[in-house]
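Hi,

Here is the structure I said I would pass on. Have a look at it first, and then read my notes underneath.

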Amino acid sequence: MDSQTITADAAGTWKLGDLPVHRLGLGAMRLTGSAAFHHGTPSDRDRSIAVLRRAIDLGVNHIDTAAFYFSSLRSANELINSALAPYPDDLVIVTKVGPYRTYTGEWGTSARPDELRGHVEENLRQLGRDHLDVVNLRRMPTYDSIAEHFGALAELREAGLIRHLGISNVTPRHLAEAQAIAPVVCVQNRYALDRPDPDTDELLRICGEQGIAFVPFYAVAGEAGERGATTAHDEEVTAVARTHGVSPAQIRIAWTLHQGPHVLAIPGTGNPDHLTENVAAGALRLTDEELKRLDGPRRKAGQ
């Protein structure tokens, strides 16, 4: 597989509402530093901008970001604005609201429903947009019901500040709760090859039945989460990777995309070479036997 010549359209397409996107996108969190939030050292600005521009050259038209993606020197939204504005007509930028970080980088109190407009307007300001393509409500542990928060975003959608709505860190019950208020075009939950989760498996199934995009985060990072891509690949992943002559991370991305035509992958990176490899993973086709082999540890964990 020649990674240098593969573009994002190799992964196929899906729609976020009425917005078509390639199923292989880019998560912006890694653009700000060696690890997410305040855990790493700030990134090289020119390299991060080069990653964004290279992503567009490779056909990526779905970028996932948030105003709270920043390090001590870098803001993901500001990098996106500087690198890509004026934005390509087909580029879909998805952001999220709910969590809050202070200017020092520490996590603050989760947003109240009446504070979400401020969060949306901050994303608009940083991105230089007059509306946001998609906004995900990230459910925080401080609230069980999402109705009041999602209702506040639905009002901003009616006002024209948001085109489409999604939800994140939720259960099937929360999806039903949101859909009673306004349409949901995507669900973003933590989901990875080595992280069995029956509730999220059920949510994945429901989204497929209803034509809703399911967008896993930390699909490559696995248990390492916000600190970066995992290096703890099990024997099955490394064996399948050797067969295809690719990296274990590429197999993890390919496995993610094989979970259904409605599944979108948003691997994040601040490394141009990793970006090229991530996009190329969209062209990998795993056999039924390989998928069964990769799913083995998940099946055992679910017993």
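**What I found**

Let me start at the surface: Asp-114 counts as exposed, as its relative accessibility is 56%. Keep in mind throughout that this is a predicted model.

Asp-114 meets the side chain of Arg-112 in a salt bridge, at 3.0 Å from N to O. Arg-112 comes out as partly exposed, at 46% relative accessibility. There is a third member too: Glu-115 joins Arg-112 and Asp-114 in a network of salt bridges. Over the whole structure the search turns up 14 salt bridges.

Two others are worth a click. Glu-78 and Arg-45 bring their side chains together in a salt bridge of 2.8 Å, N to O. This one ties distant parts of the chain, with Glu-78 in helix α2 and Arg-45 in helix α1 (residues 45-57), 33 residues apart. Both ends are partly exposed: Glu-78 has a relative accessible area of 32%, and Arg-45 is at 28%. The other is between Glu-209 and Arg-205, whose closest N and O atoms are 2.5 Å apart. Here the two residues sit in one helix, α6 (residues 198-210), 4 residues apart, or about one turn. Glu-209 is exposed at 59% relative accessibility, while Arg-205 is partly exposed at 39%.

**The sheet**

Now to the strands. Seven of them make an open sheet with parallel pairing, in the order β3-β4-β5-β6-β7-β8-β9. The edges are β3 (26-27) and β9, each of which pairs on one side only.

How buried or exposed is strand β6? Of the 7 residues in β6 (residues 132-138), 6 are buried, so the strand is largely enclosed by the rest of the structure. On one side, β6 pairs in the parallel sense with β5 (residues 92-97) over 4 bridges, and Lys-96 has Asn-136 of β6 as its bridge partner. The chain gets from β5 to β6 by way of helix α3 (residues 116-127), in a right-handed β-α-β crossover.

β6 also pairs with β7 (residues 162-168), again in the parallel sense, over 6 bridges. Leu-132 stands opposite Ile-162 of β7 there. Helix α4 (residues 147-158) carries the chain from β6 across to β7, and this β-α-β crossover is right-handed as well. Moving along, β7 and β8 are parallel partners over 3 bridges, with Ser-168 bridged to Gln-188 in β8.

**Empty space**

Rolling a water-sized probe over the atoms shows where empty space remains. The structure has 1 cavity of 30 Å³ or more, and about 40 Å³ of space lies in it. Which residues line the largest cavity? They are Leu-16, His-62, Asp-64, Val-94, Asn-136, Cys-186, Gln-188, Val-215 and Leu-264. Two elements give two or more residues each to this lining, β4 (62-64) and β8 (186-188). By type, the cavity lining splits into 5 nonpolar, 3 polar and 1 charged. You will recognise Asn-136 and Gln-188 from the strand pairings: Asn-136 is the partner of Lys-96, and Gln-188 is the partner of Ser-168.

Then there is the second largest pocket, with a volume of about 450 Å³. It has 18 lining residues, and those closest to its centre are Ala-67, Arg-101, Tyr-103, Glu-122 and Gln-126. Helix α3 gives the largest share of that lining, 6 residues, and β5 is another element that supplies at least two. The pocket lining divides into 7 nonpolar, 6 polar and 5 charged.

**Backbone oddities**

Most residues other than glycine have a negative phi, and most peptide bonds are trans. A few places here go the other way.

- The peptide bond from Ala-85 to Pro-86 is cis, with omega near -5 degrees; Pro-86 is in the loop between α2 (76-84) and β5.
- Asn-169 has a positive phi, near 60 degrees. Its loop runs between β7 and α5 (172-179), and Asn-169 is partly exposed, with a relative accessible area of 27%.
- Tyr-218 also has a positive phi, about 60 degrees. This residue is in the loop between β9 (213-214) and α7 (235-244), and Tyr-218 counts as buried because its relative accessibility is 17%.

Cheers

Key. Residues numbered from 1 in each chain as written. Predicted model: local features only at pLDDT ≥ 70, side-chain atom pairs only at ≥ 80, totals over all residues. Heavy atoms only, no water. 1 Å grid on protein atoms, 1.4 Å probe; cavity = no way out; pocket = protein on both sides within 12 Å on 5 of 7 lines; lining within 4 Å. Points joined across faces, edges and corners; volume = space filled by probe spheres on them. Nonpolar A, V, L, I, M, F, W, Y, C, P; charged D, E, K, R; others polar. Buried < 20%, exposed > 50% of the residue type's maximum accessible area, 1.4 Å probe, protein only. Pairing = 2+ DSSP bridges. Right-handed = clockwise from strand over helix to strand, strands pointing away. Salt bridge = Lys/Arg side-chain N within 4 Å of Asp/Glu carboxyl O.
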